[in-house]
Amino acid sequence: MDDPFEAIAGHQAVRRLLSSQIETGRLAHAYLFAGEPALGKTTVARALARSLLPEVPLGRHPDYWEDDRRDNLRIDEIRLLPDRQPEHHQQSLQAFLSLKPAVASYRVAVITTVGRMADPIQGILLKTLEEPHPNRVIVLTTPSVSPFVVLPTVVSRCQRVSFHAVPLPEVRDLLVAHEVPAERAEALAGLSRGRPGWALSASREEGVVERHQHWSERLEQVFGAPADAALALAAELDAANFEWRSSDRTVEEPVQFALGSWQLHLRQRMLDEPPRRKAQWARLLERSYDTLGYLEQNVSPRLALECFLLECRRAS
C-alpha cells in the first residue's frame with residue numbers, strides 16, 4: 001500500500017496512526033487535529049481524504065466537502081434544513097453527511113479552524129458528532145482546544161490528534177524540494193518555529209527576514225525602557241494590524257508575525273544567558289504564549305500587547 005502521507009514534512013506519529021487506521025478500516029467518525037496554525041493539519045486532512053476518495057481529485061469529488069475560508073461559518077452552511085441555499089456549498093454539511101456515498105466508500109468533510117463557528121453553531125455540529133452515520137469521516141482543525149475556542153463537548157466527541165513542531169532540517173528540505181534556494185531555505189526554516197505551512201507561504205513573500213529583524217529590534221528597544229516605549233510599540237503594531245485587515249491579507253497578520261519573532265528572540269536570549277538569568281526570559285516566553293491565547297479569545301490586540309510589552313520592559 002502506498003503511503004498517502006509520503007509528501008508530508010514531519011508528523012511521523014500522526015502519519016503512522018492514520019495509516020494504521022486506514023489499513024485496518026478502523027477510522028474514527030470524527031477527528032480534531034490540534035496544533036499551531038501552519039503546522040500542516042489541513043495538508044494531512046486532505047491527504048487522509050484523498051486516500052479515502054481516490055476516484056477523482058478532491059476539488060470535484062462528489063463525496064468531499066471542505067470549508068477552509070477565513071470567514072466565520074454561518075449556520076446555513078451547517079444545519080440539515082438551512083433557511084436559504086448555503087452561500088459557499090451546494091449542500092449544507094449535515095445535508096451532505098445525510099446522503100450515502102455517491103461513488104466512493106466514504107463521505108469526508110473537512111472544516112479548518114472550527115473556532116470560526118459561534119458556540120450555537122458548534123452546538124448544531126455537535127448533534128452530527130453525537131449521531132454519526134457509518135462511512136462518514138469528519139476532520140476538524142483548531143489551533144487550541146481552549147473552551148473559549150472549541151466547545152468541550154465537541155472536543156469530547158472527536159479523536160484528538162496533536163500536531164507538533166516539525167524539525168527544522170525537514171522544513172528546510174521541504175523548501176529546497178519546492179525550489180527555494182538553499183540559503184534562503186535555511187533562513188526561513190530558522191524563522192518557521194517548525195511550521196512547514198508558514199515556511200512555504202513565507203518563501204513566496206519578499207522581505208520576511210527583514211520584517212523579523214525589524215520586530216526583534218523593536219522588542220529589544222523595550223527592555224529596560226520607560227513605559228511609553230512599550231505602549232508606543234503596542235500602538236504601532238495595533239495600527240499595522242488594522243491596516244492589514246483592510247488589505248488583501250496575502251501576508252501574515254502583523255500581530256501574529258511579531259509575536260512569533262519575539263518568541264524566537266526570547267528563546268535565544270534564554271539560551272544565551274547564564275543560568276541565574278534564564279528564568280526571566282523563560283517567564284516572558286511563557287507570557288508570549290499567554291498573549292496568543294488571549295488573542296484567540298478575542299481580547300483587544302492592543303490591550304494584550306500592552307500587558308505583554310509592559311512586562312517586557314522590566315527585563316534587562
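## Working through a predicted model

Let's start with a long-helix warm-up: helix α10 covers residues 227-245, so 19 residues, and spans 27 Å from its first C-alpha to its last, close to the 27 Å expected at 1.5 Å a residue. Keep in mind that this is a predicted model.

**Exercise 1. Work out which side of α10 is buried and what covers it.**

Step 1: pick out the buried residues. In α10 these are Ala230, Leu233, Ala234, Leu237, Asp238, Asn241 and Trp244.

Step 2: see where they sit around the axis. They cover an arc of only 130°, which puts them on the same side of α10.

Step 3: check the other side. There you'll find Asp228, Phe242 and Glu243, which are exposed.

Step 4: look for the cover. The buried residues of α10 are covered by elements including α9 (208-220), α11 (254-272) and α13 (301-312).

**Exercise 2. Decide whether glutamate 306 is buried or exposed, and find its contacts.**

Step 1: place the residue. Glutamate 306 is part of helix α13.

Step 2: apply the cut-off. Buried means under 20% relative accessible area. Glutamate 306 comes in at 19%, so it counts as buried.

Step 3: list the contacts. Skipping neighbours within four places in sequence, glutamate 306 touches Leu231 and Ala234. You've met Ala234 already, among the buried residues of α10.

**Exercise 3. Do the accessibility check for valine 176, then look at its surroundings.**

Step 1: find valine 176 in helix α6, residues 168-177.

Step 2: read the relative accessible area. At 40%, valine 176 is partly exposed; the partly exposed class lies between the 20% and 50% cut-offs.

Step 3: collect the contacts. If you don't count residues up to four places away in sequence, valine 176 touches Ala182 and Ala185.

Step 4: set sequence against space. Valine 176 and glycine 224 are 48 residues apart in sequence, and their C-alpha atoms are 40 Å apart.

**Exercise 4. Explain why strand β3 is largely enclosed, and trace its pairing on both sides.**

Step 1: count the buried residues. β3 runs over residues 107-111, and five of the five are buried, so the strand is largely enclosed by the rest of the structure.

Step 2: sort the side chains by direction. Arg107, Ala109 and Ile111 point one way from β3, while Val108 and Val110 point the other way.

Step 3: take the β2 side. Strand β2 (residues 64-67) pairs with β3 in the parallel sense, over four bridges. Within that pairing, tryptophan 65 has alanine 109 as its bridge partner. The chain gets from β2 to β3 through helix α3 (residues 93-98), in a right-handed β-α-β crossover.

Step 4: take the β4 side. Here β3 pairs with β4 (residues 136-142), again parallel, over five bridges. Alanine 109 has isoleucine 138 as its bridge partner in β4. Helix α4 (residues 119-130) carries the chain from β3 to β4, and that β-α-β crossover is right-handed too.

**Exercise 5. Lay out the whole sheet and say which strands stand at its edges.**

Step 1: write the order. The open sheet has five strands, β2-β3-β4-β1-β5, with parallel pairing.

Step 2: find the edges. β2 and β5 (159-162) each have a single partner strand, so one side of each is left without a neighbour in the sheet.

Step 3: check the twist. Direction ignored, neighbouring strands are turned by 15° against each other on average.

Step 4: add a helix. Helix α1 (residues 12-24) packs on the sheet and touches β1 (30-34) and β5; the directions of α1 and β5 make about 145°.

How values were computed. Residues are numbered from 1 along each chain as its sequence is written. This is a predicted model: local features need pLDDT of at least 70, side-chain atom pairs count only at pLDDT 80 or more; totals for chains, interfaces and linings use all residues. Side-chain values use heavy atoms; hydrogens and water are left out. Buried means under 20% relative accessible area, exposed over 50%, partly exposed in between (1.4 Å probe, protein chains only). Helices (H or I, at least four residues) and strands (E, at least two) are DSSP runs, numbered from the N terminus. Two strands pair if DSSP finds at least two bridges between them. A crossover is right-handed if, with the strands pointing away from the viewer, the path from the first strand over the helix to the second runs clockwise. Axes are lines fitted to C-alpha atoms, for helices over the stretch in contact, and angles run from 0 to 180 degrees between N-to-C directions. Contact means heavy atoms within 4.5 Å. The expected span of a helix is 1.5 Å times one less than its number of residues. The arc is that of the directions from the helix axis to the C-beta atoms.
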